[in-house]
Structure formats: C-alpha cells, structure tokens
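Student: I'm new to this one. Can we go through it together, with reasons for the labels?

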Amino acid sequence: MSRLDSFIRRLEAQRRMLDWAAAAIAGRDGLVLELGLGNGRTYDHLRERLPGRAIHVFERDVSPNPDSMPPADRLVEGDMAQTLPAFVARHGRCAALIHVDVTTGVPERDRILFAWLPQHVVALAAPAALVVSGWAIEHPGLEALALPEGVPEGRYFAYRRRG
Ligand SMILES: C[S@@+](CC[C@H](N)C(=O)[O-])C[C@H]1O[C@@H](n2cnc3c(N)ncnc32)[C@H](O)[C@@H]1O
C-alpha cells in the first residue's frame, strides 16, 4: 500500500472514530479534550459533531487554519508535558472524551517520544470516559475497546477509563 493510500485510510479511520466517540458521549457530562490542534481539522470536526460542548485544545505551535482557531479561553498553549498536569491540577478528572492526536506519523516512535503522556490522559479522564488515539496507549487505568465497524485493527485505538 502506498503512503498516500495509508494516509487516506488513516483519515477515514479517524473520522469514523470521532463520529463514533461523539455519539457515545451524548448525554454524558464532561469536557472534550483535543490533544494536538495542528491544522485544526479534527478540532473542527469535533465541534461540528458536538455543538455547544466545551472543547479544550492543547497545542505547542499554534497555527491552524484560521477558520479552526479555538476561542482563547479554550486553547491551552504550550508543551503538553507541562500544560496537561497543570490542567489536571485545576480541573481534575474532568473529561468525557479525550482525543490524542499528537503523532509523528510513526506509532513506534510516538510510544517512546510520548511515554510521559498516558499518565496525564488517565488523570484527566472521568470515570468511564472515552479515549481515542492514533497510537496504542498502554496504561492499567485504560481498558481497550473494540473499534467501531469499518475501522481496521491497528489504525486507531479506543479505550474506556476504568473506575
Ligand atoms: C498530527 S498534529 C495534529 C493534527 C490535528 N489534530 C488536525 O487534525 O489538524 C500533532 C500536533 O501536536 C502538536 N504537539 C506535538 N507534541 C506536542 C507537545 N509536547 N505539546 C504540545 N503540542 C504538541 C504538534 O505541534 C502538532 O501540531
């Protein structure tokens, strides 16, 4: 499979995952956390699927498409290694959904580069919160979930926060 095919499939899987997760948290309280604003595509998708929901976005280098700039009070600028624990200290286990989209595009590299991240995700996730991620997150606080139909194994990952 060419890298273009692989990229397209990843985006299709991402859209299915976000649609599935947005539907799954309907009626549940809690913030939505988008880890990695980038161009703002997935943030834009989430805010369209979850109108009226508080979506907080974390990013180090803020330069999205101008149409996808989060409001200033929902944008957490800086290195997540620092901003996530600070957010935990302020809000605790506040999130109904966390989308982890910090990636280098190479899952094996991500697991090493972002080894500090799962503990913060777990600390932010409310009981039974959903975590969806482009790379596999291993943490005893997270239970792996079956993927929605149409998302091939290993393309995306879904977890429920235990306890
Ligand atoms: C794959 S992009 C996000 C794509 C985005 N969700 C979209 O749909 O356009 C990953 C983003 O994570 C950000 N990022 C990576 N490591 C970070 C860190 N330690 N703290 C904050 N942001 C980080 C990068 O700057 C990059 O913009």
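Tutor: Sure. Keep in mind that this is a predicted model. Let's start with contacts: alanine 13 touches Val151 and Arg155, leaving aside residues up to four places away in sequence. Alanine 13 is part of helix H1, residues 3-24.

Student: Why is alanine 13 called buried?

Tutor: Buried means under 20% relative accessible area. Alanine 13 has 2%, so it is buried.

Student: What makes aspartate 101 and arginine 10 a salt bridge?

Tutor: The cut-off is 4 Å between a side-chain nitrogen of Lys or Arg and a carboxyl oxygen of Asp or Glu. For aspartate 101 and arginine 10 the N to O distance is 3.2 Å, so the pair counts. Aspartate 101 sits in the loop between strand S4 (95-100) and helix H4 (107-113) while arginine 10 is in helix H1, so the pair ties together parts 91 residues apart in sequence.

Student: Are these two partners buried or partly exposed?

Tutor: Aspartate 101 has 18%, which is under 20%, so it is buried. Arginine 10 has 21%, so it falls between 20% and 50% and counts as partly exposed.

Student: How do you know that glutamate 48 is exposed?

Tutor: Exposed means over 50%, and glutamate 48 has 53%, so the label fits. Its side chain meets that of arginine 49 in a salt bridge at 3.0 Å, N to O.

Student: What joins Asp19, Glu48 and Arg49 into one network?

Tutor: Salt bridges that share partners do that. Arginine 49 pairs with glutamate 48, and arginine 49 also meets aspartate 19 at 2.8 Å, N to O.

Notes: Residues are numbered from 1 along each chain as its sequence is written. This is a predicted model: local features need pLDDT of at least 70, side-chain atom pairs count only at pLDDT 80 or more; totals for chains, interfaces and linings use all residues. Side-chain values use heavy atoms; hydrogens and water are left out. Helices (H or I, at least four residues) and strands (E, at least two) are DSSP runs, numbered from the N terminus. Buried means under 20% relative accessible area, exposed over 50%, partly exposed in between (1.4 Å probe, protein chains only). Contact means heavy atoms within 4.5 Å.
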